[in-house]
Amino acid sequence: MTTDTAKMPAAGRMGYRFNLVGMLALAVILLWGLVAVFAHLLIPYPVGEIVDFDYFGPMSAQFWLGSDYLGRDMFSRIVMGARYTVGISVAAVAIACTTGVVLGMIAAVSGGWTDTLLSRFLDAMSSIPSKLFGLVVVAAVGSSIPVLIITLSVIYIPGAYRFARALAVNINAMDFITVARTRGENVFYIIRSEILPNILGPVLADLGLRFVFIVLLLSGLSFLGLGVQPPYADWGALVRENIGGLPFGAPAVMFPSIAIASLTISVNLLIDNLPYKIRDRSA
Amino acid sequence: MTNLVEIRDLKVEAKTDSGRIVEIIKGVSFDVAEGEIVALIGESGSGKTTVALTLMGHARPGCRISGGSVKLAGKDMARLSEKARARVRGTEVSYVPQSAAAAFNPAATIMEQVIEITRIHDLMPAAEAKSRAVELFRALSLPEPDTIGDRYPHQVSGGQLQRLSAAMALIGDPKIVIFDEPTTALDVTTQIEVLRAFKAVMRKGGIAGVYVSHDLAVVAQIADRIIVLKGGEVQEAGRTGQILSNAKHPYTRELLAAFEPKARGAAPVVSEARPILAIENIVAGYGAVQRNGLPLVCAVRSVSLTVEKGRNLGIIGESGCGKSTLARTIAGILPTSGGRVIFDGQELAPSASKRTHEQLREMQIVFQYADTALNPAKSIEDILARPLTFYHGMNGPARDKRIAALLDMVQLPGSVRHRRPAELSGGQKQRVNFARALAADPKLILCDEITSALDTVVAAAVIELLKELQRELGLSYIFISHDISVVEAICDEIVVMYAGEKVEQLMPSATGKRPQHPYSQLLFSSVPKLDPHWLDGLERDPELVRAYCQR
């Protein structure tokens, strides 16, 4: 028997394999996560303070990413913006996926009326265009961070529900679920202990994808002026504020866009290159 | 006689997901003479299908032929280019798969698919191919040979489809046909027709064959020579008669011994008059309830039976006869539409969700496929711990001790505790499956085809285990199977089911009387025996066959 370890890209000690693209993507995501957490320690200037005499200033040693349309430091604003973009999106995706997945599993396991009611209700919800729904809600209630989080999560619950229900229905048809039922287990035990561990992988992948959608929708809402309100700004709002700099190729409009792109593309790449477990244990 | 096929020192290797290379065929050599049928026999994972596929120069994805030669009529299939192989496939070597149902395209007529080979290789005009196909249909004794080709695959039965796939393989006039377990998925009563048809066509055309199977008795009927494989190596090779009567290799002997399990000794004395389970006029089925109170599709029609304490009841019948539905009904998975289930003196609610904790505990069901019956995300320990906690409220060291005892009972090493089901073999998984049922301390275990997915040798070991546990724990089993020899080995009484009805209840043939009902006679006479002349000598009443084998 021959073993060629040379060809194995980064096989972990735990029997997992994780390729380079996935690791790079994870590094970018972690970086943004850390930036969001430690934003207050990183910023060289307060976000609201006008520090440059010029507007749409170029990149310099003093202002690393140039200055915006009022002469505020772009680096500080992007670093603080990470808090809003990452924070709001993480909160929204957590609510959306938890609710959707739990409801999806309940529907799959209960079947019958519960399933029909939940499915039709959420189908009806998903027929409302997401941007429009966001616009209407924010316009009606006014924009605040809790409102944004709830709106975004409500928009993405039906998708998470559909996905989890489809997976759970397949698992529910397995004999071990029948065994659990004839043992006399209740719905919640079946959901938590028998179904959830078996759908967790795909659900996590879906969570990542949904996170990307939420970042983009949040940026879209902010771009339309319905997101985070000035003087604070998330990345979408930064693009909107500085859109006037586009003809000059100002860094103030480029970097927030790059920030959005780097985060969403990294999440996508990470999902496509998640570490997977090596089943061949004798290696 | 020249050799049509010469395989020399064939090696096939596979790459695992960690990039490690495993040799799955370790230097196999054998010949097939012209017009000879050679059987490759062995347990699952022995490499028998892999060897057969190399005859077409094919290795399954992730595998490759790494050494040796596969000479087919002078050409080395292992060295040919993919294009040259494609020319040989269908014209010189062809393949009959295990599941004909999966091999046919449901959207095209059978005739189109059968003559496809002649079209691809441009062998003959379509009209000629069609008349040749009809000839083959006739030779394979298919009903209505002139028109059966116009049907779609779903309009013919499984046995017919399997013969049609043989017609597909034979139309290009191959020198050799590979049969990959072609009768494994069929009922015994249909298997005979298919085997006969194969044998007749192969003999008449002087076509060589490689017959892959795990069933020694089936192989004995059709093969001239038998090659026993295990772990990718030839264990023994010889003429059929010689292998059956005078096997040299211990593994072959084990296979032969497993074929005829030891009959069950005298049943323990029945001390209680009350039966453990009595069912009365059970009706069950699927679909909406009709106006007459019956379900749309009735799978079980008014079946009554009783199981005495400490005794075993076998239920046999072909696929679709309602035997599994009956088990699911008794277990409350599928509520009855009529009739009563009386368990240990108490009438049970039709649905499991309405039964009491104790009632559920005392009757356990074990399913056929251990793969789907064990949660792949949990360790063996967790799987066994749940019923202990759930039924007996056990925790901590007491539970650990009990898990160890259970594993010991089903003869598994304690080291499997922390493994996941995917890391166990088929037989081990089935033992865990059974241990989980035992964890409940049941009085009755419903075994639904529990040995059908296992290799013969492994299945025999599981049956032995079941018998032993019964002696120790005083259990009763309801044992459902399509395999009569398995049922005879373990049961005190046998119920024969046909089309949802119980046709007869009898004793195992070793101890009891002969079957009386015509269907049971047909069923019992259809079980292949380890005698190469059995098929040729078998005579069946054509009236009976017509009455019961229409599907």
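This is a short tour of two chains, stop by stop.

**Before you start**

The model is predicted, so to speak of local features a pLDDT of at least 70 is needed, side-chain atom pairs count only at pLDDT 80 or more, and totals for chains, interfaces and linings use all residues. Residues are numbered from 1 along each chain as its sequence is written, while chains are lettered from A and ligands numbered from 1 in the order in which they are written.

**Stop 1: chain A**

Select chain A. It has 10 helices and two strands. Helices (H or I, at least four residues) and strands (E, at least two) are DSSP runs, numbered from the N terminus. Follow the chain from the N terminus: the order is β-α-α-α-α-α-α-α-α-α-α-β. Its C-alpha trace spans about 75 × 60 × 30 Å along the principal axes. Of its 283 residues, 40% are buried. Buried means that 20 or more other C-beta atoms lie within 10 Å of the residue's own; exposed means 12 or fewer, partly exposed is in between, and C-beta atoms are placed from the backbone.

**Stop 2: chain B**

Now select chain B. Here there are 22 helices and 20 strands. The radius of gyration is 25 Å, close to the 24 Å of the globule rule for 551 residues, so chain B is as compact as a globular protein of that length. That radius is taken over C-alpha atoms, and the rule is 2.2 Å times the number of residues to the power 0.38. The C-alpha atoms fill a box of roughly 70 × 55 × 45 Å along the principal axes. Buried residues come to 46% of the 551.

**Stop 3: strand S8 of chain B**

Select residues 208-213 of chain B, strand S8. Six of its six residues are buried. On one side sit B:Ala208, B:Val210 and B:Val212; on the other, B:Gly209, B:Tyr211 and B:Ser213. In a regular strand the side chains alternate between the two faces of the sheet.

Add strand S3 (residues 37-41) of chain B, which runs parallel to S8(B) and is joined to it by five bridges. Strands pair if DSSP finds at least two bridges between them. Find B:Ile37: its bridge partner in S8(B) is B:Gly209.

Next add strand S7 (residues 176-180) of chain B, also parallel to S8(B) with five bridges. B:Phe179 has B:Tyr211 as its bridge partner. From S7(B) the chain passes through helix H8 (residues 188-205) of chain B to S8(B), a right-handed β-α-β crossover. Right-handed means that, with the strands pointing away from the viewer, the path from the first strand over the helix to the second runs clockwise.

**Stop 4: an open sheet**

Look for the antiparallel sheet of four strands in chain B, ordered S12-S11-S14-S15. Its edges are S12 (295-307) and S15 (346-347), each pairing on one side only. Five bridges join S11 (residues 277-289) to S14 (residues 338-343) in chain B. B:Ala278 stands opposite B:Ile342 in S14(B).

**Stop 5: helices H15 and H17 of chain B**

Select residues 380-392 of chain B, helix H15. Its buried residues include B:Ile380, B:Leu384 and B:Leu388. What covers its buried residues? Among the cover are helix H7 (175-183) of chain A, and H16 (396-409) and H17 of chain B. Just past H15(B), B:Gly393 has a positive phi of about 60 degrees.

End on H17(B), where 13 of 14 residues are buried. Right after H17(B), B:Asp441 takes a positive phi of about 55 degrees.

Note on methods. Expected span 1.5 Å × (residues − 1). Contact = placed C-beta atoms within 7 Å.
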